[in-house]
Amino acid sequence: MMLTIYINGTGCISPQETAAGGPLLANLREYEQVKLATVDPDYKQWIDVKQIRRMSRVVKMGVGAANLSLQAAGITQPDAIVTGTAYGCLDDTGVFLTKMVNQQEEMLTPTAFIQSTHNTVGGQIALLLGCNGYNNTFVHRGFSFENALLDTVMMLREGSAQNILVGGLDELTPHSYQILSRFGLYKKEPVKTMELLKSPTRGTIAGEGAAFFTLGTQPEQHTVAELTGISTLYKPMWEGEVIGHIMKFLEDNNCTPNDIDLLVTGRNGDIDQDDIYEEVVEALFPEHPEASFKHLCGEYPTAAGFGMWLANSILADQAVPDVAMFYGKAPRSIKKILLYNHHQGTHHSLILLSHVE
Amino acid sequence: MSEKVWIAGGGVISGIGLNLRECLQAFREMKPGMGAMKYLSSVHRNTFPVAEVKADNDMLADMAGLPENISRTALLSLIAAREAWQSSGLDDISRYRVGLVSGNTVGGMDKTEDFFAEYLADNRKGRLHQVMHHECGSITEIVADALGIRHHVSTISTACSSGANALMYGYRLIRNNIVDVVIAGGTDALTRFTLNGFNTLMILDQQPCRPFDETRTGLNLGEGAGYVVLVSDSLAAQLQPWCRLSGFANANDAYHQTASSPDGTGNYLAMKGALDMSGLQPQQIGYINLHGTGTGNNDVSEGIAINRIFAPHFPAMSSTKSFTGHTLGASGGIEAVLSAVSVKEGIIYPNARFEHQMKELPFTPATAWSEGNDLRHVMSNSFGFGGNCSSLVFSSF
């Protein structure tokens with residue numbers, strides 16, 4: 001008998017006002033630009049002012065989202081902390097690299113280097129919580145968050161932890177935006193938030209954010225969702241392989257496409273990249289209502305974290321905000337949500353959430 | 001479900017050899033790998049000795065069968081991962097569900113730092129192929145793609161414990177029936193970024209490092225890659241596994257971003273947790289492959305934690321970093337391979353240049369190579385920045 005894994009608390013810092021609480025996406029932040037930045041909460045509620053000044057944005061958003069998630073779960077000390085970040089601490093990496101080049105490797109100071117390591121966020125959360133438990137950081141591109149989630153699920157199932165804090169986050173910096181733009185990832189012209197997913201051109205918009213979850217083997221009073229399944233698919237040869245993988249995933253979790261009440265997809269407005277969502281929908285979910293999220297948070301390798309946060313919030317409300325709806329009408333009762341995301345066509349992931357009555 | 005997880009093989013490339021056999025020979029002959037920088041270009045060339053892999057990128061690319069403009073981190077990784085696979089006795093990789101779990105700390109930084117000089121002068125300049133594989137995960141994918149691994153790919157970056165954590169995650173992937181085989185370990189090439197970073201922390205020794213010696217003043221950086229092949233029970237039954245991964249633990253020191261707590265809390269929790277998982281008493285451990293970087297801080301914290309667990313029956317111990325230098329993300333992988341061989345062949349590795357006992361500790365490391373010892377259980381320690389502490393235990397059958 002598989003243990004049930006509950007989502008007991010979530011925290012999200014994103015280009016939307018997700019850290020503030022209140023009705024889901026009620027105050028939509030609309031943008032007309034090619035890169036989105038997080039709407040920052042007041043970090044002083046969790047971090048000492050002196051420390052805030054030394055922390056890069058990604059560390060702050062990680063600590064913030066982690067705290068929001070623990071608070072929501074009513075837990076002060078998790079048994080383990082698992083972090084997923086594809087890019088790690090880009091800002092501090094850029095600072096140290098720039099000084100190293102400009103100063104010809106002389107007269108450098110340690111702060112940026114110390115904070116440049118990919119496990120800085122996980123380490124800082126542990127430090128601030130005084131958490132001596134298991135601590136791991138996954139840094140695998142579009143699977144960083146998913147692998148962190150899988151590690152968490154495996155540990156909860158083996159019983160080595162009861163409550164685990166797990167999250168995915170990435171920051172966008174001027175350097176990373178500049179370089180990724182040169183790879184042709186983003187739109188050439190600004191696009192309006194609510195028009196992105198219908199955009200007829202190549203490229204998407206850059207985003208960033210942090211989403212953390214407190215997962216446990218026992219539900220709390222307010223728990224609305226269980227994490228039923230998680231799976232990744234690396235470099236599928238063709239769309240048929242994706243469709244087959246989704247079918248197998250649903251089967252492994254004892255359901256069929258008919259059991260899925262809402263599909264949440266990682267459409268990002270790039271006509272080339274959104275093609276596969278069309279294929280999957282047509283093959284498996286032709287009449288299913290579909291919600292999307294990357295027009296709200298932008299594209300980044302751990303954006304599935306935002307998607308999972310949104311799916312959990314939808315299960316809590318039993319309603320989908322209009323701004324997230326992509327196709328059809330959400331059913332009156334939402335029991336199962338399948339999140340299907342891919343990053344750059346190479347990293348596909350599936351996350352299945354079920355409503356807890 | 002597989003009850004146990006076995007080590008079916010291993011591969012290493014490091015400053016003391018281009019494969020496992022050469023590395024073992026270097027220990028046997030007491031030939032450490034540190035010396036003047038030859039392949040890394042840095043203004044600190046004549047200041048800090050490093051343990052470089054003794055081959056330029058052209059030669060490594062030839063060995064790996066990859067283009068020579070690929071990050072050195074990926075070249076090292078593929079060479080060691082392929083050696084590991086070949087040593088396992090598993091033949092055609094496409095016959096199995098295989099995962100690659102690899103640790104590294106700076107991904108393709110060796111190329112990014114070259115790119116940055118041109119880019120900073122004009123942000124439209126710099127050759128993009130140099131940053132194509134900047135991400136840590138990209139390095140793992142070059143190797144997975146070259147070996148034909150598709151079922152699971154993952155990259156872990158917990159500083160100096162990355163490689164050790166890769167083994168833990170690999171163990172869980174097998175136990176959870178997600179794959180049947182995992183190539184797990186780590187890789188890192190020397191870069192100016194890390195060299196200068198460690199220099200700002202003032203923990204680089206200008207002489208060959210002296211781990212667990214009273215006169216130690218810091219570490220030497222090294223580079224390389226090391227991977228073990230983890231297999232399930234059913235596969236192990238068809239092979240001749242070296243030993244099994246019987247226990248592990250990962251704990252966080254939660255003390256400081258870069259320094260270890262004076263009493264080695266995280267180190268203690270990692271070692272204790274690994275012993276508990278393997279169901280062993282401390283006196284059953286025959287050899288500890290120490291983290292042993294040679295910094296004042298690490299060795300005293302690690303030593304105090306060892307004293308707390310093992311006193312008065314200390315196993316043989318040594319820091320193989322006295323030969324390979326500190327290979328950061330690779331070290332947990334390289335030392336896992338060395339520890340697995342240690343169980344298989346009863347090897348106790350020498351700790352080079354040890355002369356003076358540390359005043360805080362009642363024990364000293366082994367200084368001579370010996371083999372054929374009766375070692376049933378061997379522990380490998382990996383501790384790192386961010387408070388990340390991991391210990392692994394390898395056991396004979």
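Let's start with A:N254, which is exposed, with 9 other C-beta atoms within 10 Å. Its place is the loop between α8 (239-252) and β7 (262-265) of chain A. The phi of A:N254 is near 55 degrees, so a positive value in a residue that is not glycine. Please keep in mind that this is a predicted model.

As a reminder, most residues other than glycine have a negative phi, and most peptide bonds are trans. Chain B has an asparagine to put beside that one. B:N177 takes a positive phi of about 60 degrees, again without being a glycine. You will find B:N177 in the loop between α6 and β4 of chain B. Is B:N177 buried or exposed? B:N177 is exposed, with 11 other C-beta atoms within 10 Å.

Two more backbone details, and then we move on. A:Q318, just after α11(A), has a positive phi of about 55 degrees. In chain B, the peptide bond between B:A311 and B:P312 is cis, with omega about 5 degrees. B:P312 belongs to the loop between α10 (296-310) and β8 (316-318) of chain B.

Since A:Q318 follows α11(A), let's look at that helix. Helix α11 of chain A runs over residues 304-317, and its 14 residues reach 20 Å from the first C-alpha to the last, close to the 20 Å expected at 1.5 Å a residue. How many of its 14 residues are buried? Twelve of them are, and α11(A) is mostly covered. Among the buried residues are A:F306, A:M308, A:W309 and A:L310, along with A:N312 and A:S313.

Now for a helix in chain B. Helix α4 (residues 109-121) of chain B has 13 residues, which at 1.5 Å a residue should span 18 Å, and the end C-alpha atoms are indeed 18 Å apart. Still, α4(B) bends by about 30 degrees at B:F115. B:F115 is one of the buried residues of α4(B), and the others include B:D110, B:K111, B:E113, B:F116 and B:Y119. What covers them? The cover includes α3 (90-102) of chain A, together with α3 (72-88) and α7 (192-200) of chain B.

With chain A helping to cover a chain B helix, the interface between the chains comes next. Here 46 residues of chain A are in contact with 47 residues of chain B. On the chain A side, α3, α4 (110-114), α5 (120-129), β3 (134-138), α6 (144-158) and α7 (174-182) each supply at least two residues. Which element gives the most to that side? It is α3(A), with six residues. By class, the chain A side has 21 nonpolar, 20 polar and five charged residues.

Next, the domains within each chain. Chain A is divided into domain 1 (6-216) and domain 2 (225-355), and 21 Å separate their centres over C-alpha atoms. In this chain, 47 residues of domain 1 are in contact with 39 residues of domain 2. On the domain 1 side, the elements giving two or more residues are β1 (6-13), α6, β4 (163-170) and β5 (209-216) of chain A. α6(A) gives the most there, with six residues. That side divides into 25 nonpolar, 16 polar and six charged residues.

Chain B has domain 1 (6-236) and domain 2 (246-395), with 20 Å between their centres over C-alpha atoms. The contact takes 60 residues from domain 1 of chain B and 54 residues from domain 2 of chain B. β1 (6-14), α1 (20-28), α6 (162-175), β4 (181-188) and β5 (224-231) of chain B each supply at least two residues of the domain 1 side. The largest share of that side, seven residues, comes from α6(B). By class, the side holds 28 nonpolar, 24 polar and eight charged residues.

Last, the cores. In soluble globular proteins, nonpolar side chains tend to be buried together. The largest nonpolar core here has 227 residues, and those with the most contacts inside it are B:I7, B:L167, B:V228 and B:L230. Helix α2 (residues 57-73) of chain A gives the most to this core, with ten residues. Leaving aside neighbours within four places in sequence, B:L230 is in contact with residues including B:I7, B:L167, B:Y171, B:I174 and B:L245. A second, separate core of 15 residues includes A:M100, A:A112, A:I179 and B:V106.

How values were computed:
Residues are numbered from 1 along each chain as its sequence is written. Chains are lettered from A and ligands numbered from 1 in the order in which they are written. This is a predicted model: local features need pLDDT of at least 70, side-chain atom pairs count only at pLDDT 80 or more; totals for chains, interfaces and linings use all residues. Domain bounds come from an automatic or database domain assignment. Two residues are in contact if their C-beta atoms, placed from the backbone, lie within 7 Å. Helices (H or I, at least four residues) and strands (E, at least two) are DSSP runs, numbered from the N terminus. Ala, Val, Leu, Ile, Met, Phe, Trp, Tyr, Cys and Pro count as nonpolar, Asp, Glu, Lys and Arg as charged, and the others, Gly among them, as polar. The expected span of a helix is 1.5 Å times one less than its number of residues. The bend at a residue is the angle between axes fitted to the seven residues ending there and the seven starting there. A residue is buried if 20 or more other C-beta atoms lie within 10 Å of its own, exposed if 12 or fewer, and partly exposed in between; C-beta atoms are placed from the backbone. A nonpolar core is a set of buried Ala, Val, Leu, Ile, Met, Phe, Trp, Tyr and Cys residues joined through C-beta atoms within 7 Å.
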